[in-house]
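Trainee: Could we go through this model together, label by label? I would like to see how each name follows from its cut-off.

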Amino acid sequence: MFQALPNPKILKRMDEVDDPIDFDLILAGFPVWQFGPSKPARQFLSRLTKDHHVALFVTHAMDPDPDDPDLRLMLDGTLEKCRKAADKTNLTGFFHCRGELSLETANMLTSSGIPMLEKFAGMRDETLGHPDDHDLEQAGNFCFDLLKAMM
């Protein structure tokens, strides 16, 4: 996404941004943690207001278009939590794609005793290598379309 942006641009970790009002557009990217935005993402987004044009890009371990209705419901709920974390901003775009489920998290889910979480953990192999080239191409296209819409 960074490569798809025209200059001037800057890449910073969320905890390195002192005054976010200095930016015309903030692309806030983060992985999903525990079926919602990561704690650093929640903290950063809570500092922003409607004066901030924000686009989110989120990675998660789920199939981005699941056929299973239970997985669809889980993904939709997860993505909604991510959007909700940016409620106080001027949310101009939202992109999500599959990321890699860590072995540590998969093991924790496997031993949870909750069938849906155990099923989810069993899909770890499908997440390996994500985001892949296709995911990255889609992210670049999202960025291009976002900038075009803002002009």
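Mentor: Gladly, and let us start with K84: its relative accessible area is 55%, so K84 is exposed. The cut-offs are under 20% relative accessible area for buried, over 50% for exposed, and partly exposed in between, with a 1.4 Å probe and protein chains only. Keep in mind that this is a predicted model, where local features need pLDDT of at least 70, side-chain atom pairs count only at pLDDT 80 or more, and totals for chains, interfaces and linings use all residues. Residues are numbered from 1 along each chain as its sequence is written, and side-chain values use heavy atoms, leaving out hydrogens and water.

Trainee: Why is D87 called partly exposed?

Mentor: Its relative accessibility is 45%, and partly exposed is the class in between 20% and 50%.

Trainee: What makes D87 and K84 a salt bridge?

Mentor: The term asks for a side-chain nitrogen of Lys or Arg within 4 Å of a carboxyl oxygen of Asp or Glu. The closest N and O atoms of D87 and K84 are 3.7 Å apart, so the pair meets the rule. The structure holds six salt bridges. Among them is R13 with D15, at 2.9 Å from N to O; R13 and D15 are both exposed. D65, R72 and D76 are linked in a network of salt bridges.

Trainee: What does the salt bridge between R98 and E126 link?

Mentor: Their side chains meet at 3.8 Å, N to O. This pair links distant parts of the chain, with R98 in strand β4 (residues 90-98) and E126 in helix α5 (residues 124-127), 28 residues apart. Helices (H or I, at least four residues) and strands (E, at least two) are DSSP runs, numbered from the N terminus. R98 counts as buried at 8% relative accessibility, while E126, at 45%, counts as partly exposed.

Trainee: How do you know that C82 is in no disulfide?

Mentor: A disulfide is a pair of cysteine sulfur atoms within 2.5 Å. The closest cysteine sulfur to that of C82 is in C97, 12 Å away, which is too far for a bond. For C143, the nearest cysteine sulfur is again that of C97, at 13 Å. A search of the whole structure finds zero disulfides. C82 is buried, at 0% relative accessible area, and C143 counts as buried at 0% too.

Trainee: Why is the aromatic pair of F35 and F120 called tilted?

Mentor: Rings of Phe, Tyr and Trp (its six-membered ring) pair if their centres lie within 6.5 Å; planes under 30 degrees apart are stacked, over 60 edge-to-face, and the rest tilted. F35 and F120 are 5.6 Å apart centre to centre, with 50° between the planes, so tilted is the label that fits. F35 counts as partly exposed at 22% relative accessibility, and F120 as buried at 5%.

Trainee: And what makes F95 and F142 tilted?

Mentor: Their centres are 5.5 Å apart and the angle between the planes is 35°. F95 lies in strand β4 and F142 in helix α6 (residues 133-150), so the pair ties together parts 47 residues apart in sequence. Both F95 and F142 are buried.

Trainee: What makes R83 a charge over the ring of F94?

Mentor: The rule wants NZ of Lys or CZ of Arg within 6 Å of the ring centre and within 35 degrees of the ring normal. The charged end of R83 sits over the ring of F94, 4.2 Å from its centre. K9 lies over the face of F2, at 4.6 Å from the ring centre.
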